[in-house]
Amino acid sequence: MKTLQFREAIAEAMSEEMRRDDTIYLMGEEVAEYNGAYKASKGMLDEFGAKRVIDTPISENGFSGIGVGSAMNGNRPIIEFMTFNFSLVAIDQIINNAAKMRQMSGGQFNIPIVFRGPTASAGQLAATHSQAFESWYANCPGLKVVVPSNPADAKGLLKSAIRDDDPVIFMESEQMYGDKGEVPEGEYLIPLGVAEIKRKGKDVTIVSFGKIIKEAYKAADDLAKEGIECEIIDLRTVRPMDKDTILESVKKTNRLVILEEAWPFGNVATEISYIVQNEAFDYLDAPIIKINTADTPAPYSPALFKEWLPSSEDVVKAVKKVLYK
């Protein structure tokens, strides 16, 4: 094992894949000369040159469209958005072209493309730069949606995403790029669509993904002091979703709390709640609780933002509620 920052794991995954396959290239704003807005492509321009690490104008719809077209012609582009808030400018290319081309062409065209960049909130960036669109993209057939929470998962999942023959939405976090973690030496892949039990427990299942899962870890540590054992599942891939891992855990613990940094209406937690009540209803000893952001745009004020974002205290309260404590 070696220790890498999250941004280094991302850069290493892209570089290893680009060395393996010369049809892969990286394109986006400031990915080349500036080494990436968050230094997630540091050193790649020097190694691969300007034909494979390409700086673009501020035109997400334009360079995303170029990526889709080049994928139809045998390339495997990685499109970086400086933030997934900016992907809204390119959503026509992602939803109407990348996601649908395989079906609309009768299977004549695969679209092996990765759209990646930071998602959700990152402190005082205000309403239009603090949004989580995982459930939006997961709602669209034809797209796979990946949200890693640590460097090791990020590297293994990104390598799998780049090799996938379908479009993958790969969502990171500005607040995780500096996180350090152990990463296996040598070649490894983590398959898409497989969740991982990060912490075993018998009293309650907590499902989460992305950077907000850290609040679940904090809550589990606090609850352990009171003798409450939490089982924490990291989805890693939102779509396709590993429902079997969730269901098996709920059948053991009989209680479920879902923690997600997203608005409460029609999100990933909503889908998980439906799956569990539909396929494991008789195993539940308490109603499912989902923890989300407040149902408002993200505030700029740090005091208001703290109230808006889910916390470990919210998780502790939810766990005690499903345990009737």
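1. Let me start with the second largest pocket of this predicted model. Its lining is made up of Gln175, Met176, Lys211, Ile212, Lys214, Glu215, Phe305, Lys306, Leu309, Pro310 and Ser311. The space inside comes to about 220 Å³. Two helices, α8 (213-224) and α11 (302-308), each put at least two residues into that lining. Sorted by class, there are 5 nonpolar, 2 polar and 4 charged residues around the second largest pocket.

2. On to the largest pocket, which holds about 280 Å³ of space. It has 13 lining residues, and Ala138, Asn139, Met241, Asn267 and Glu271 are the ones nearest its centre. Which elements supply at least two residues each to this lining? They are α6 (134-138), β12 and α10 (268-279). Helix α10 gives the largest share, with 4 residues. The class split here is 6 nonpolar, 5 polar and 2 charged.

3. Worth keeping in mind for the pockets and cavities is the domain layout. The assignment for the protein chain gives domain 1 (2-183) and domain 2 (196-323). Their C-alpha centres sit 27 Å apart, and the contact takes 31 residues from domain 1 and 26 from domain 2. Back at the largest pocket, the lining draws at least three residues from each of the two domains.

4. Now the closed spaces. How many cavities of 30 Å³ or more turn up in a search of the whole structure? There are 2. The largest cavity has a volume of about 90 Å³. Of its 13 lining residues, Glu134, Phe209, Gly210, Lys211 and Glu261 are closest to the centre. Lys211 is a name to remember, as it also appears in the lining of the second largest pocket. By class, the residues around the largest cavity are 5 nonpolar, 3 polar and 5 charged. At least three of them come from domain 1 and at least three from domain 2.

5. The second largest cavity has a volume of about 40 Å³. Around it you will find Ser130, Gln131, Ala132, Glu261, Ala262, Trp263, Thr293 and Trp308. Glu261 was listed for the largest cavity too, among the residues closest to that centre. The lining of the second largest cavity counts 4 nonpolar, 3 polar and 1 charged by class. Here again, each domain contributes at least three residues.

6. Next, the sheets. One of them is open and has 7 strands, ordered β3-β2-β4-β5-β7-β6-β12, with mixed pairing. Why do β3 (53-55) and β12 (237-239) each have one side without a neighbour in the sheet? Both stand at the edges with a single partner strand, so there is nothing in the sheet on the other side. Direction ignored, neighbouring strands of this sheet are turned by 20 degrees against each other on average. Strand β12 is worth a second look, since this edge strand also supplies at least two residues to the lining of the largest pocket.

7. Inside that sheet, β4 (residues 76-80) pairs with β5 (residues 114-118) in the parallel sense, over 3 bridges. If you want a residue to click on, try Glu80, whose bridge partner in β5 is Arg116. Helix α7 (residues 151-163) lies across β2 (24-28), β4, β5, β6 (144-146), β7 (168-172) and β12. The helix runs at about 160 degrees to β7.

8. Another open sheet has 5 strands in the order β9-β11-β10-β13-β14, again with mixed pairing. At its edges stand β9 (196-199) and β14 (289-291), each with a single partner strand, so one side of each lacks a neighbour in the sheet. From one strand to the next, the twist averages 25 degrees.

9. Last, the details of that 5-stranded sheet. Strands β10 (residues 204-208) and β13 (residues 256-259) pair in the parallel sense over 3 bridges, and Thr205 has Leu256 as its bridge partner in β13. Helix α9 (residues 243-253) lies across β9, β10, β11 (230-234) and β13, at about 175 degrees to β11. Helix α12 (residues 312-322) packs on the sheet as well, where it touches β10, β11, β13 and β14. The direction of α12 makes about 175 degrees with that of β14.

Conventions
Residues numbered from 1 in each chain as written. Predicted model: local features only at pLDDT ≥ 70, side-chain atom pairs only at ≥ 80, totals over all residues. Heavy atoms only, no water. Pairing = 2+ DSSP bridges. Axes fitted to C-alpha atoms, helices over the stretch in contact; angles between N-to-C directions. Contact = heavy atoms within 4.5 Å. 1 Å grid on protein atoms, 1.4 Å probe; cavity = no way out; pocket = protein on both sides within 12 Å on 5 of 7 lines; lining within 4 Å. Points joined across faces, edges and corners; volume = space filled by probe spheres on them. Nonpolar A, V, L, I, M, F, W, Y, C, P; charged D, E, K, R; others polar. Domains from an automatic or database assignment.
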